[in-house]
Amino acid sequence: MYVYIDETGDRGGSLKSSPIFGMAAVLLDEAGQHELRAAVDRLRLDFAVPANKVMSWKEHVKTHDRRRHAAEVLRNVNGLRLCYVYSVKSALAAESYLNDAQRFYNYVAYKIYKSVLWAARDWKGPGVRVWTRFGHVKGHDHRTTDEYIKLQAAADPTVPHELEQGLRWVSANTYRESQAADLYGGFLKAALWPAGEFGYVEPAYLLRVWPQLRNSAVCAIPLGIMSMPGHELLQREEWFPCAQCRTSNGSPGASGGQST
């Protein structure tokens, strides 16, 4: 099982900062990895991305048509599961991780890490082996995150950390799959982050790939998509596709609390 994670938004707390900070994780079995690479190659060709450039939401997927096309291509990839974790900054307490960029990143990174390990075990069984690749963040000391994740995982018996074969932080140009994770992060951004002249959001892209979310056929909250500090932040969105969605499905780690 191969996992590629990319972040969306920033960790700042100023008025100029993003309203959310989150991460998108793409889980792939071997067949899914081949399909996703082919999908990325197709999108790079369709969007005329130069061979020496990394395809990104910010630079190459700016228009509605391109975003719709990216969602249509990616939603047809088989052998793929999707997990999201994000924080709504305006809902965080002042004493939370909001004012500590390192702590903010570490906390969200561990939440998504737990989600992908549970998803991998649920999908392929307790014998699955997992290789996780986070996108490298400029200026961030990933050694502290690696230490934080390992320390937290060791203290939580519900987290199958033994499945992990090699947690790494990699540049966006290392794997084509990382470029796909960036686009999936863009779908989340478009759904939650008001933009443009009139401050609209556009959830259509996220909803197109919604069936790929872990557990979406039953309840995507919180193991497929987690809003912090509370699940109701997602449920109150007008576009949220499950009016009767439960806030917890009884799985370990279902809380989206803001401590630590």
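In which strand is the place of T132? Before I answer, let me say that what we are looking at is a predicted model, and I will take this residue before turning to a pair of helices.

T132 sits in strand β4, which covers residues 131-135. Its relative accessibility comes out at 0%, and because buried means under 20%, T132 counts as buried. If we leave aside residues up to four places away in sequence, the neighbours that T132 touches are V3, I5, Y113, E164, G166, L167 and R168. Two of these deserve a further word. With L167, which lies 35 residues away along the chain, the C-alpha separation from T132 is 5.0 Å. With E164, the side chain of T132 forms a polar contact of 2.6 Å.

Another of those neighbours, Y113, takes us to the helices, since Y113 is touched by T132 and also belongs to the α4 side of the contact between α4 and α5. Helix α4 runs over residues 101-124 and helix α5 over residues 142-155, and the two pack at an angle of about 50° with their axes 9 Å apart. At that angle, α4 and α5 are therefore oblique to each other, and their crossing is right-handed. On the α4 side, the contact is made by Q102, Y105, N106, Y107, A109, Y110 and Y113, while α5 contributes H142, T144, T145, Y148, I149, Q152 and A153. Sorted by character, the residues of this contact comprise eight nonpolar and six polar ones, with no charged residue among them.

Technical notes:
Residues are numbered from 1 along each chain as its sequence is written. This is a predicted model: local features need pLDDT of at least 70, side-chain atom pairs count only at pLDDT 80 or more; totals for chains, interfaces and linings use all residues. Side-chain values use heavy atoms; hydrogens and water are left out. Axes are lines fitted to C-alpha atoms, for helices over the stretch in contact, and angles run from 0 to 180 degrees between N-to-C directions. Helices (H or I, at least four residues) and strands (E, at least two) are DSSP runs, numbered from the N terminus. Angles under 35 degrees count as roughly parallel, over 145 as roughly antiparallel, 65 to 115 as roughly perpendicular and the rest as oblique. A crossing is left-handed if the near helix is turned anticlockwise from the far one by less than a right angle, and right-handed if clockwise. Contact means heavy atoms within 4.5 Å. Ala, Val, Leu, Ile, Met, Phe, Trp, Tyr, Cys and Pro count as nonpolar, Asp, Glu, Lys and Arg as charged, and the others, Gly among them, as polar. Buried means under 20% relative accessible area, exposed over 50%, partly exposed in between (1.4 Å probe, protein chains only). A polar contact is a pair of N or O atoms within 3.5 Å; within protein, one must be able to donate a hydrogen and the other to accept it, and residues adjacent in sequence count only if both atoms are side-chain atoms.
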